[in-house]
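Hi,

Here is the structure I said I would pass on. Have a look at it first, and my notes follow underneath.

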Amino acid sequence: MSVPLAAPPAASADPGAVRRLVSRVGTMCLVELQKLRRDRAELLTRAIQPALWLLIFGETFTRLRAIPTGSTPYLDFLAPGILAQSALFIAIFYGIQIIWERDAGVLGKLLVTPTPRAALVTGKAFAAGVRALAQAVIVLVLAAVLGVGLTANPLKLAGAALAVVLGSAFFCCLSIVIAGLVLSRERLMGIGQAITMPLFFGSNALYPVDLMPGWLRVLSHVNPLSYEVDALRGLLIGTADHVWVDFGVLAGSAVIAIAIASALLGRLVR
């Protein structure tokens with residue numbers, strides 16, 4: 001009596017599925033980055049605000065010694081926080097672009113293609129990360145000119161780049177989630193402006209967590225921006241010893257945000 005062979009696992013039935021998904025994510029990312037090539041001046045204009053934070057706030061508080069940061073000069077302490085802030089300000093309004101694409105009919109056409117919604121969102125999320133990286137280079141160069149003691153280790157610099165990409169991916173997807181809920185540019189702009197500064201001031205970007213009141217310390221511990229800043233400090237100036245925890249939180253937050261944003265994407269075109 002012959003025994004029927006077991007069916008192969010679903011994953012092995014289509015060995016190219018993962019490769020196609022990665023290819024589609026990469027394609028969407030490249031499409032998003034093509035838009036940046038047509039407006040290179042945007043990088044310079046967006047770099048003005050973080051430059052002012054470093055030049056004015058950083059230099060002034062370094063002289064005042066108003067915020068204790070131990071043996072680390074305050075400007076060195078601040079630079080990774082401003083780096084994360086610049087990435088946040090780019091990513092948190094990415095949902096406006098999604099709404100514009102909906103109004104132009106582009107989003108509807110994308111959603112009827114075979115490309116999974118998760119691939120669309122992931123492509124946009126990592127395109128936001130690459131945009132943030134381009135601006136991060138400007139901030140890092142300025143920090144180096146101001147005398148910040150940055151690492152020259154290429155592996156640590158690559159890790160810092162990954163932290164910026166993961167943090168930007170999360171906040172980009174958060175913006176897409178808000179867009180999927182409010183459905184209009186005006187509401188998204190208002191909510192984005194309302195949450196940007198609390199996210200920034202409720203993190204460890206400007207001051208150590210130990211100086212915060214208890215309630216703000218709790219908010220800091222659930223704020224992904226704090227983990228991005230902590231990872232950047234550990235990699236760029238060597239002040240943290242739990243970088244792997246930071247990356248775990250950033251990666252987990254990005255995956256969850258991509259899943260939620262993908263689920264809400266269709267709501268924009270109903």
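Of the 270 residues in the chain, 48% count as buried. The chain exposes about 13,600 Å², and carbon and sulfur atoms supply 68% of that. Keep in mind that this is a predicted model, so I'll start with how far to trust it, given that coordinates should not be read in detail where pLDDT is low.

The chain averages a pLDDT of 84, with 86% of the residues scoring at least 70. Helix H12 (residues 224–236) has the highest confidence, at a mean of 94, while helix H1 (residues 10–13) has the lowest, at 45. The start of the chain is the part to skip: pLDDT stays under 50 over residues 1–13, and the model gives that stretch zero contacts beyond four places in sequence.

On to the fold. The secondary structure comes to 13 helices and zero strands, so to speak an α-only run from the N terminus on. Among contacts with a separation of 6 or more, 79% are between residues 24 or more positions apart.

Now the inside. Nonpolar side chains tend to be buried together in soluble globular proteins. Here the largest nonpolar core has 71 residues, and Phe171, Leu232 and Leu265 are the ones with the most contacts inside it. Helix H9 (residues 154–182) gives the most to this core, with 14 residues. If you want one residue to centre your view on, try Phe171: leaving out residues up to four places away in sequence, Phe171 touches Leu88, Ala91, Ile92, Leu199, Asn223, Pro224, Leu225 and Glu228.

Ala205 is another spot to click on. Ala205 sits in the loop between H10 and helix H11 (214–221), and counts as buried because its relative accessibility is 0%. What is Ala205 in contact with, leaving aside its neighbours within four places in sequence? The list is Phe77, Leu78, Gly81, Phe200, Val229 and Arg233. Ala79 belongs in this picture too: Ala205 and Ala79 are 126 residues apart in sequence, yet 8.5 Å apart in space, C-alpha to C-alpha.

Next, the charged pairs. Side chains of opposite charge can pair when their charged atoms come close. How many salt bridges does a search of the whole structure find? Three, and here they are.

- Glu101 and Lys124 meet through their side chains at 2.9 Å, N to O. Glu101 lies in helix H6 (residues 95–103) and Lys124 in helix H8 (residues 117–145), so this pair ties together parts that are 23 residues apart in sequence. Are these two partners buried or exposed? Glu101 counts as buried, because its relative accessibility is 3%, and Lys124 counts as buried because its value is 2%; the cut-off for buried is under 20%.
- Arg102 and Asp103 form a salt bridge at 3.0 Å, N to O. Arg102 is partly exposed, with a relative accessible area of 22%, and Asp103 counts as partly exposed at 43%.
- Asp103 and Arg185 form a salt bridge at 3.1 Å, N to O. With Asp103 in helix H6 and Arg185 in helix H10 (residues 185–201), this pair ties together parts that are 82 residues apart in sequence. Arg185 is partly exposed as well, with a relative accessible area of 36%.

Shared partners join Arg102, Asp103 and Arg185 into one network of salt bridges.

There is also a backbone detail to check. Most residues other than glycine have a negative phi. Leu183 has a phi near 70 degrees, a positive value in a residue other than glycine. Leu183 lies in the loop between H9 and H10, and is partly exposed because its relative accessible area is 29%.

Last, the outside. Which residues make a nonpolar surface patch of about 370 Å²? Ile48, Leu52, Leu55 and Ile56 do. Of these, Leu55 has its place in helix H4 (residues 48–64), and counts as partly exposed because its relative accessibility is 40%.

That's my tour; over to you.

Methods: Residues numbered from 1 in each chain as written. Predicted model: local features only at pLDDT ≥ 70, side-chain atom pairs only at ≥ 80, totals over all residues. Heavy atoms only, no water. Patch = residues over 30% accessible without salt bridge, like charges linked within 9 Å, V, L, I, M, F, W, Y side chains within 5 Å. Areas by Shrake-Rupley, 256 points an atom, 1.4 Å probe, with all protein chains shown as cover. Salt bridge = Lys/Arg side-chain N within 4 Å of Asp/Glu carboxyl O. Helix = DSSP H or I, 4+ residues; strand = E, 2+ residues; numbered from the N terminus. Buried < 20%, exposed > 50% of the residue type's maximum accessible area, 1.4 Å probe, protein only. Core = buried A, V, L, I, M, F, W, Y, C linked by side-chain atoms within 4.5 Å. Contact = heavy atoms within 4.5 Å. pLDDT = per-residue confidence, 0-100.
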